[in-house]
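Me: I have a chain to go through with you. Please take my questions one at a time and show the reasoning briefly.

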Amino acid sequence: MAITDIKGQWLDVWIYFCLALLIVTNLKGISAQIRYSIQEEVKLGTAVGNVAKDLGLDVGRLTDRNLRVISGTKQDLFKVNPRDGVLLVNERIDREELCVKTAPCITNLKAVVENPLEMHQIIVEILDVNDNSPRFPEENYTLEVLESAIVGSRFQMEGAHDLDAGLNSLQSYKLNHNQYFRLETDEFGEDGKVPFLILQRPLDREHLAQHWLLLTANDGGKPSKSGTINITVIVSDVNDNSPKCDKQKYTITIKENAPAGTFLLTVNASDSDEGMNSLIEYSLRSKLRKLSSEPFDLNRSTGTLTLKEGLDYEEKQVYEIKVLAADKGAVSLSTHCNVVVRVEDVNDNKPEIDITSLSSRISEDAPPGTVVALMDVTDLDSGVNGQVVCSVPGHLPFDLNPSPDGQSYSLVTKDYLDKETMHIYNITILAKDLGSPALSSTKVVQVDVLDVNDNSPLFTESPYTFYVPENNKAGISIFSVSAGDADEGENAAVTYSLDRKIPGPTATSFLNINEADGTISALKSFDFETLKTFQFQVVATDSGTPSLSSNVTVNVFILDQNDNAPVILYPVSSNGSAEGVEEIPRNVNAGHLVTKVRAYDADIGYNGWLLFSLQDVTDHSLFGLDRYTGQIRTLRSFTETDEAEHKLVILVKDNGNVSLSATATVLVKVVEPKEAFAASDVKSATNDEEENNVTFYLMITLGSVSTLFLISIIGLIAMQCSKTTDYTSKYLQETNYDGTLCHSIQYRSGDKRYMLVGPRMSIGSTIVPGSHANTLVLPDRRGTSGEVRL
């Protein structure tokens, strides 16, 4: 019979293998899935469901298509009727055997048909029924109880077990009615409900040596099932007192960093017997009534509980220990003392920072709030010891934003960065817990600041002022400008150019600039007498994208050089030579103004300051020359022996370092007074309306020609008038001219006026330091007079 079964099983496996191979070769896929549920322990042949109907198969062709089910296990719990397609129970179904405590309990089947070959999945859920009764480990239990046991003594019993689940499992205990014991149950972790016998009245062995009790365990099924255990209570007259713990439960809290050997507590149990029956030994017990492997040591004699090895709060927070206190009587009595050891967390774990994302290169124009890094912060401790606060140095332009749960942070910018101020940041992130003492850890994040073109070139001066001597060589550099850029790389590469956008002729037409170093050269030689000052703009542009630029004003003042010789304005002959003839009466006195030599120098300052001197004269005792004004005056009166004609050669030179000069020749003729007066009358008739009185008397003389006497009187009057009139008028037309003609240039800056003049300075003028002695600062006379006379 056994051999036949084995052969049958191998045949089934072979058929299943071949069928699976065929399915893999030809099956296109599972076309449908159906689900049934059935209670366990139903009768064999019970219909589970109609597979053919639920799959939509033709019942008439089921025989030809060979409908069958395959379980894939050694047990064929189900079979299908090949004629009508009904799924039937083929073997006994025991949920507890199939799934133990697993819920729900599922069995997977495959429904296979041929022609064409198809396979469908069938899921059958096995429903639990109350088919298991609670069961005690033993049917009979013997409990020895001393006759001296006090009322209220508790005796723990072995609990029952029920293989069913949910309400079908063990729910309650019941003790048969008796006068001595009652029943109590306690919840005890995984063991569930544990029964205790409580002594209700004192025992008396002489009255009743044994008690028979029946303990029943009931489940919650409908109908309910139960299991029983027969308890025989033997009342012992020897060693009739069990050890008793002085506390029902011992509780202690110890820090997790307590060293090995630390004393925890002493379990104290007492036994009222005497001799060996009162000696108690202590031992550790686990829930499975085996020796405990907890990290504790117990002194068997004293009950002292100590730490055997280190504790770790992060691994386990509470230890529930059972201490067995047993006496040494011939029939040993014992009790269990419950000890609860609570492990207190200490701050023994530093926070850990984990950078999950990092952008190590941030542009300096990144807006505030830009995320630099994301990080997770963990601390294995609990409570305040596990609460972590992160921070960064306050002087850095960064901040930390915590997540709502406080377990992660984002490092963000709190202000705009400046590459020129700080190009790299080493950010120290401090993670500190709230323990006492607090533990902390740090993580350094390096951030490079990327440069953007946010700084315009900056000139070293603004404005620039340069002084350039005239007569410079064309093409030679005359000065240079310089600008710096706080950016770096291409953003700091500066090129220079002249601003040529101003319409009309400008100074840039005769200037050139080196775009690399800012050196400016002139394309022509400057002439102070033509151009005295000019202004232009220089633009400095960096190479950034987009580029930035700035400009600066350059003021250029041309410095005068002594390159112009004096020019004689008077005397000048008709042919253009510096020669003139002056006639004076012989009867003039010393100091008489003969004439005044006038000259002009296009230069300014000392280069235009002219001095006069007599280079050649026929009689040094007769004429004198003022070296500053050019006035020629007589030094004495004429005598009869003096010659009638005198030649004076006047040298006019400037005060330049290399002095330039010119000469003028004045021929002085000495005439008699009458001739001088006649000449004076002719000249007075041709004068402008310079002397109205002379013109009036000349008109009277011309109107009275009939009378010689009257003419003589008029002549005497005219002669007298000529004596009272300054002879300067006939020799020097400009009465206000007092010496050398000076060239002047006026310009204004702010509320001051500047004038470049020669040596004859006006009253009230002030020499400006650094002006090369050529610049005068004049009081502002706007509104009173627009002209300054020198």
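**Backbone, charges and surface**

Reply: A starting point is Asn471, in the loop between strand E33 (464-469) and strand E34 (477-480). The model is predicted.

Me: What is phi of Asn471 near?
Reply: Most residues other than glycine have a negative phi. Asn471 is a residue other than glycine, yet its phi is positive. The value is near 70 degrees.

Me: Is Asn471 buried, partly exposed or exposed?
Reply: Buried means under 20% relative accessible area, and exposed means over 50%. Asn471 has a relative accessible area of 42%, so the residue is partly exposed.

Me: Where does Glu41 lie, and what is its phi?
Reply: Glu41 lies in the loop between strand E1 (30-39) and strand E2 (47-50). Its relative accessible area is 30%, so Glu41 is partly exposed. Glu41 is not a glycine, but its phi is positive, at about 65 degrees.

Me: Which residue does a cis peptide bond join to Lys222?
Reply: Most peptide bonds are trans. Here the bond is cis, with omega about 0 degrees. The partner lies in the loop between strand E13 (210-219) and strand E14 (226-236). Lys222 is joined to Pro223.

Me: What is omega near for the peptide bond from Tyr570 to Pro571?
Reply: Pro571 lies in the loop between strand E41 (567-570) and strand E42 (579-585). The bond from Tyr570 to Pro571 is cis. Its omega is near 5 degrees.

Me: How many salt bridges does the count come to?
Reply: The rule needs a side-chain nitrogen of Lys or Arg within 4 Å of a carboxyl oxygen of Asp or Glu. Lys193 and Glu187 meet it at 2.9 Å, N to O. By this rule the count comes to 16.

Me: Of that pair, is Glu187 buried or exposed?
Reply: Its partner Lys193 counts as partly exposed, at 29% relative accessibility. The cut-off for exposed is over 50%. Glu187 has 57% relative accessibility, so Glu187 counts as exposed.

Me: How many residues apart in sequence are the parts that Glu344 and Lys255 tie together?
Reply: The two side chains meet in a salt bridge of 3.2 Å, N to O. Glu344 lies in strand E23 and Lys255 in strand E16 (residues 249-255), so the pair ties together parts separated in sequence by 89 residues.

Me: Which residue meets Glu281 in a salt bridge?
Reply: Glu281 lies in strand E19 (residues 280-285). Its partner lies in the loop between strand E20 (296-298) and strand E21 (304-307). The N to O distance is 3.1 Å, and the partner is Arg300.

Me: Leaving aside neighbours within four places in sequence, which residues is Lys328 in contact with?
Reply: Lys328 lies in the loop between strand E22 (318-327) and strand E23 (334-344). The C-alpha atoms of Lys328 and Leu279 are separated by 5.7 Å, although the two are 49 residues apart along the chain. Contact means heavy atoms within 4.5 Å. The residues in contact with Lys328 are Met276, Leu279 and Glu281.

Me: Is Asn491 buried or exposed?
Reply: Asn491 sits in the loop between strand E35 (483-484) and strand E36 (494-498). Leaving aside neighbours within four places in sequence, its contacts include Asp451, Asp542 and Gly544. Its relative accessible area is 14%, so Asn491 is buried.

Me: Which residues are linked in a network of salt bridges?
Reply: The network has both Arg and acidic members. They are Arg154, Arg182, Glu184 and Asp186.

Me: Which residues form the negative surface patch?
Reply: One member lies in strand E26 (residues 371-378). That member, Asp376, is partly exposed, with a relative accessible area of 34%. The patch is formed by Glu352, Asp354, Asp376 and Asp405.

Me: What accessible area do Val384, Val389 and Leu434 have together?
Reply: Val389 lies in strand E27 (residues 388-391). Its relative accessible area is 44%, so Val389 is partly exposed. The three form a nonpolar patch on the surface, and together they have about 250 Å².

Me: Of the 790 residues of the chain, what percentage count as buried?
Reply: The secondary structure comes to eight helices and 53 strands. The chain exposes about 43,900 Å², with 51% of it supplied by carbon and sulfur atoms. The share of residues that count as buried is 40%.

Terms used. Residues are numbered from 1 along each chain as its sequence is written. This is a predicted model: local features need pLDDT of at least 70, side-chain atom pairs count only at pLDDT 80 or more; totals for chains, interfaces and linings use all residues. Side-chain values use heavy atoms; hydrogens and water are left out. Patches are made of residues with over 30% relative accessible area and no salt bridge: like charges are joined within 9 Å, nonpolar side chains (Val, Leu, Ile, Met, Phe, Trp, Tyr) within 5 Å. Accessible areas come from the Shrake-Rupley method with a 1.4 Å probe; for residues, only the protein chains shown count as cover. Lys and Arg count as positive and Asp and Glu as negative; His and the chain ends are not counted. The place of a charge is taken as NZ of Lys, CZ of Arg, CG of Asp or CD of Glu. Helices (H or I, at least four residues) and strands (E, at least two) are DSSP runs, numbered from the N terminus. Buried means under 20% relative accessible area, exposed over 50%, partly exposed in between (1.4 Å probe, protein chains only).
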